[in-house]
Amino acid sequence: MPRAVYVLALGIFAMVTSEFAVAGLMPQMAAGLHATVPQIGYLITAFAAAMAAGGPLLTVAVMKLPPRTALLVLFAVFLAGNVLAATATGYGTMLVARIVTGVASQAFFGVALSLCARLTRPEIRGRAVAVAMNGLMLGTLLGLPLSTLIGERLGWRAAFWAVSVLAVAAAAATLAGVPRLDPAPSGGLRAEAGVFARPRLWRALATSTLVIGATFSAFSYFNPILTGLTGFSAGAVPLLLIAYGAATVVGNTVVGRLADRYTLPVLAVGLLLNALFLAGFAVLAGAPVPAVACMLGVGLVGVTMNPAMVTRVQRAGNAGPLVNTVHSSFITLGVIIGSSVGAVVIDTWGLRAPLWLGAALAATGLLTVLPELRGGGAAEGAAQGVTQGAAQDAAQEAAQDVRNPLTSALPTD
């Protein structure tokens with residue numbers, strides 16, 4: 001695996017730590033910004049909305065830049081947003097800060113995943129995506145509990161300053177560890193956007209939205225659920241989130257190994273199990289041991305579906321930065337649905353409601369996968385991945401290698 005893929009994982013880790021920080025500091029931020037917990041929950045929604053709406057636009061703006069340059073520009077925008085968050089004196093300023101960081105994060109995901117495809121052979125791209133997306137899982141395992149711990153000990157502003165330092169370190173690693181490549185070959189914006197006429201791509205995007213919506217309807221409110229229903233102290237929450245993050249790392253590794261060959265079956269099994277774990281969490285939220293077991297189950301089969309989701313989307317479309325960024329926009333649409341509707345149902349039905357919401361979204365997601373799976377979609381997807389998407393990407397990479405001997409000289413495994 002190219003070393004640059006691990007560097008990209010570090011950048012994703014910084015982005016995700018910033019994204020998740022709000023979820024771990026909701027009570028503290030509510031007090032500091034004179035807001036309610038549901039209002040702080042809407043900051044998660046605002047971050048996701050900015051990713052979904054602004055990310056593709058920023059991707060188009062940097063698409064003609066060399067990939068490393070584009071990543072560094074995105075780091076600069078991201079850093080500005082985090083500094084603004086750390087110095088925010090009111091809810092409005094924090095809202096603007098989350099929008100800025102959300103736009104930069106989304107574009108970074110798209111450019112980074114596209115670069116993963118350029119740096120690896122088509123048959124191991126699922127593994128490469130899993131390695132890069134370990135930045136997301138480690139953001140849950142380490143970034144979220146550490147930012148929560150820092151926020152509890154030093155104040156919530158310190159958590160955003162810590163993320164800013166992390167972003168600078170990740171940018172430096174990118175400058176040193178990501179090879180200098182020319183912009184990816186492209187037929188222009190019209191050609192890049194042409195793949196969105198494919199119905200199969202839209203089905204894949206819909207499934208991704210529901211996978212993440214199911215998970216985030218619960219994850220966004222783990223802190224108040226665990227303290228308000230399950231009976232854990234605020235000090236125990238960071239340890240529980242570490243355990244949840246460890247489950248996501250394990251799940252991501254397993255899915256990454258299976259994503260290339262068993263894309264649709266992995267998604268179907270993951271959605272079924274996620275629905276069961278979320279429903280179990282809702283029923284057993286008042287009992288600490290089974291509640292934590294269900295929470296860890298959500299960690300194993302929730303966001304860990306990302307390698308299979310990315311593989312499916314790239315086969316249905318292509319591995320370009322625009323497709324990857326739009327896919328990330330649909331993923332964050334799931335965050336919007338989960339976090340915002342979760343806040344509404346909490347106000348109406350209490351803290352168990354977002355868990356039931358998540359179970360319903362996961363079951364709906366399963367319904368979007370089963371028809372294609374029953375119709376031989378797994379074999380069709382594998383064939384299309386080899387003959388259409390992978391062949392197209394391989395041709396682009398070959399053209400790129402002619403202009404950039406460094407690409408072909410990189411280690412591929």
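The chain contains 18 helices and zero strands. The model is a predicted one. Of its 413 residues, 59% count as buried. Among contacts with a sequence separation of 6 or more, 86% are accounted for by residues 24 or more positions apart.

Internal space was examined next. Five cavities of 30 Å³ or more are present in the structure, and the largest cavity encloses about 190 Å³. A total of 19 residues line the largest cavity, and those nearest its centre are Phe-109, Met-133, Leu-136, Asn-306 and Ile-331. In terms of residue class, this lining is made up of twelve nonpolar, six polar and one charged residues.

Several helices take part in enclosing the largest cavity. At least two lining residues come from each of H1 (3-24), H5 (91-119), H6 (125-154), H9 (199-219), H14 (306-316) and H15 (321-349). The greatest contribution is that of H15, which provides six residues of the lining.

Two of the helices that line the largest cavity, H9 and H15, also pack against each other. Two packed helices are described by the angle between their axes and the distance between the axes. For H9 and H15, the axes come within 7 Å and cross at roughly 35°, and the crossing is right-handed. On the H9 side, the contact is formed by Trp-202, Leu-205, Ser-208, Thr-209, Ile-212, Gly-213, Phe-216 and Ser-217. On the H15 side, the contributing residues are His-327, Phe-330, Ile-331, Leu-333, Gly-334, Val-335, Ile-337, Gly-338 and Ser-339. Ile-331 thus appears both in this contact and among the residues nearest the centre of the largest cavity. By class, the residues of the contact between H9 and H15 comprise nine nonpolar and eight polar, with no charged residues. The lining of the largest cavity, for its part, includes one charged residue.

A single buried position was also considered. Thr-59 is located in helix H3, which spans residues 37-62. Thr-59 counts as buried because its relative accessibility is 0%, and the cut-off for burial is under 20%. When residues up to four places away in sequence are left out, Thr-59 touches Ala-107, Pro-321, Leu-322 and Thr-325. Of these partners, Ala-107 falls within the range of H5 (91-119), whereas Pro-321, Leu-322 and Thr-325 fall within that of H15 (321-349). Thr-59 of H3 is therefore in contact with residues of two helices that each supply at least two residues to the lining of the largest cavity, on the definition of contact as heavy atoms within 4.5 Å.

Key:
Residues numbered from 1 in each chain as written. Predicted model: local features only at pLDDT ≥ 70, side-chain atom pairs only at ≥ 80, totals over all residues. Heavy atoms only, no water. 1 Å grid on protein atoms, 1.4 Å probe; cavity = no way out; pocket = protein on both sides within 12 Å on 5 of 7 lines; lining within 4 Å. Points joined across faces, edges and corners; volume = space filled by probe spheres on them. Helix = DSSP H or I, 4+ residues; strand = E, 2+ residues; numbered from the N terminus. Nonpolar A, V, L, I, M, F, W, Y, C, P; charged D, E, K, R; others polar. Axes fitted to C-alpha atoms, helices over the stretch in contact; angles between N-to-C directions. Left-handed = near helix turned anticlockwise from the far one by under 90°. Buried < 20%, exposed > 50% of the residue type's maximum accessible area, 1.4 Å probe, protein only.
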